[in-house]
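Welcome! Here is a short guided tour for anyone meeting this protein chain for the first time. Please keep the 3D view open while you read.

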Amino acid sequence: MHNQLQYISQGNTVEEQVYNIHKALDNGCDWIQMRFKKNYSDDAFTLAEAVKMLCKEYLATFIINDNVYLAKQLEADGVHLGLSDMSVEEARLILGKTKIIGGTANTFEDVLQRTTENCDYIGLGPFQFTNTKQNLSPILGLEGYRSIIGQMQAKNIQIPIYAIGGITLENVESLMETGIHGIAVSGLITQTENASQLINQLNDKLYVTI
Ligand SMILES: Cc1ncc(COP(=O)(O)OP(=O)(O)O)c(N)n1
Ligand SMILES: Cc1nc(C(=O)O)sc1CCOP(=O)(O)O
Ligand SMILES: [Mg+2]
């Protein structure tokens with residue numbers, strides 16, 4: 001089963017992105033989503049090459065946001081697709097059966113769609129307000145996760161759910177209690193002054209052994 005903590009990278013330049021991703025890897029994050037909104041530029045290819053090498057060095061999972069062709073070209077471990085990105089079906093034809101294809105969902109109806117499309121996981125959000133992404137869908141909050149995951153359980157839908165959107169360390173335990181599989185975070189890890197302590201604390205709350 002997939003790791004429970006995904007770092008979604010930030011940075012306006014290749015250098016900023018590499019710095020932030022290296023910091024996350026060097027402090028214990030083992031699943032990177034390269035999210036570089038100049039996605040179809042030469043810089044994106046340069047960045048993806050560097051991130052692929054870093055993830056190989058750290059034995060981390062490497063997926064790319066939006067750009068399926070780049071993921072294919074770099075033989076990344078997979079992609080994350082939003083509801084207005086390439087279809088999961090088309091991405092699966094391009095990437096093949098062994099690659100990870102994650103999909104965004106904002107409602108239970110989206111979850112049903114992602115399940116029908118056979119996504120490997122769902123990024124369900126936004127949990128709360130965040131400046132990291134523009135044009136957010138309606139905020140879900142804890143009640144939103146409880147409602148959607150309750151509907152999933154009623155229909156025995158078992159696709160892994162990752163909460164995303166404005167997540168802080170204080171939110172993790174209550175989010176995990178809703179039944180999510182894990183979390184995807186961006187700003188929390190990018191902005192921390194103590195990445196090692198933060199990532200250890202996040203992992204302690206995520207990988208709780210009963
Ligand atoms: C894990 C995860 N969940 C959701 C998203 C959002 O993807 P998308 O809706 O395509 O928006 P952009 O990230 O492309 O702005 C994600 N990237 N990762
Ligand atoms: C990339 C993304 N997608 C979201 C969604 O709701 O689909 S929220 C989001 C931003 C996540 O970054 P941060 O942890 O800094 O809030
Ligand atoms: Mg997208």
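The report below starts with the overall build, then turns to a pair of helices and finally to some backbone details.

**The chain as a whole**

What you see is a predicted model. Its secondary structure comes to 9 helices and 8 strands. The radius of gyration is 16 Å, close to the 17 Å that the globule rule gives for 210 residues, so the chain is as compact as a globular protein of that length. If you drew a box around the C-alpha atoms along the principal axes, that box would be roughly 45 × 40 × 35 Å. Of the 210 residues, 52% count as buried. Contacts also link parts of the sequence that lie well apart: among contacts with a separation of 6 or more, 55% are between residues 24 or more positions apart.

**Two helices side by side**

Now find helix α1, residues 14-26, and helix α2, residues 42-57. How do their axes run relative to each other? The axes come within 10 Å and cross at roughly 15 degrees. An angle under 35 degrees counts as roughly parallel, and α1 and α2 are therefore roughly parallel to each other. Their crossing is right-handed. On the α1 side, the contact is made by V14, Q17, V18, I21, H22 and L25. Facing them from α2 are D43, L47, A50, V51, L54 and C55. Sorted by class, this contact has 9 nonpolar, 2 polar and 1 charged residues.

**Backbone details worth a look**

Most residues other than glycine have a negative phi, and most peptide bonds are trans. Where, then, does a cis peptide bond turn up here? One joins G125 and P126, with omega at about 5 degrees. P126 lies in the loop between β6 (121-124) and α6 (141-154).

The loop between β6 and α6 also holds N135, a residue other than glycine with a positive phi. L59 has a positive phi as well, and its place is in the loop between α2 and β3 (61-65). Are these residues buried or exposed? L59 is exposed, and N135 is exposed too. The table sets out their values.

| Residue | Phi | Loop | Relative accessible area |
|---|---|---|---|
| L59 | near 55 degrees | between α2 and β3 | 76% |
| N135 | near 50 degrees | between β6 and α6 | 75% |

To revisit these places in the 3D view, begin at the α1 and α2 contact, then move on to the cis bond between G125 and P126.

Methods. Residues are numbered from 1 along each chain as its sequence is written. Chains are lettered from A and ligands numbered from 1 in the order in which they are written. This is a predicted model: local features need pLDDT of at least 70, side-chain atom pairs count only at pLDDT 80 or more; totals for chains, interfaces and linings use all residues. Side-chain values use heavy atoms; hydrogens and water are left out. Axes are lines fitted to C-alpha atoms, for helices over the stretch in contact, and angles run from 0 to 180 degrees between N-to-C directions. Helices (H or I, at least four residues) and strands (E, at least two) are DSSP runs, numbered from the N terminus. Angles under 35 degrees count as roughly parallel, over 145 as roughly antiparallel, 65 to 115 as roughly perpendicular and the rest as oblique. A crossing is left-handed if the near helix is turned anticlockwise from the far one by less than a right angle, and right-handed if clockwise. Contact means heavy atoms within 4.5 Å. Ala, Val, Leu, Ile, Met, Phe, Trp, Tyr, Cys and Pro count as nonpolar, Asp, Glu, Lys and Arg as charged, and the others, Gly among them, as polar. The radius of gyration is taken over C-alpha atoms; the globule rule is 2.2 Å times the number of residues to the power 0.38. Buried means under 20% relative accessible area, exposed over 50%, partly exposed in between (1.4 Å probe, protein chains only).
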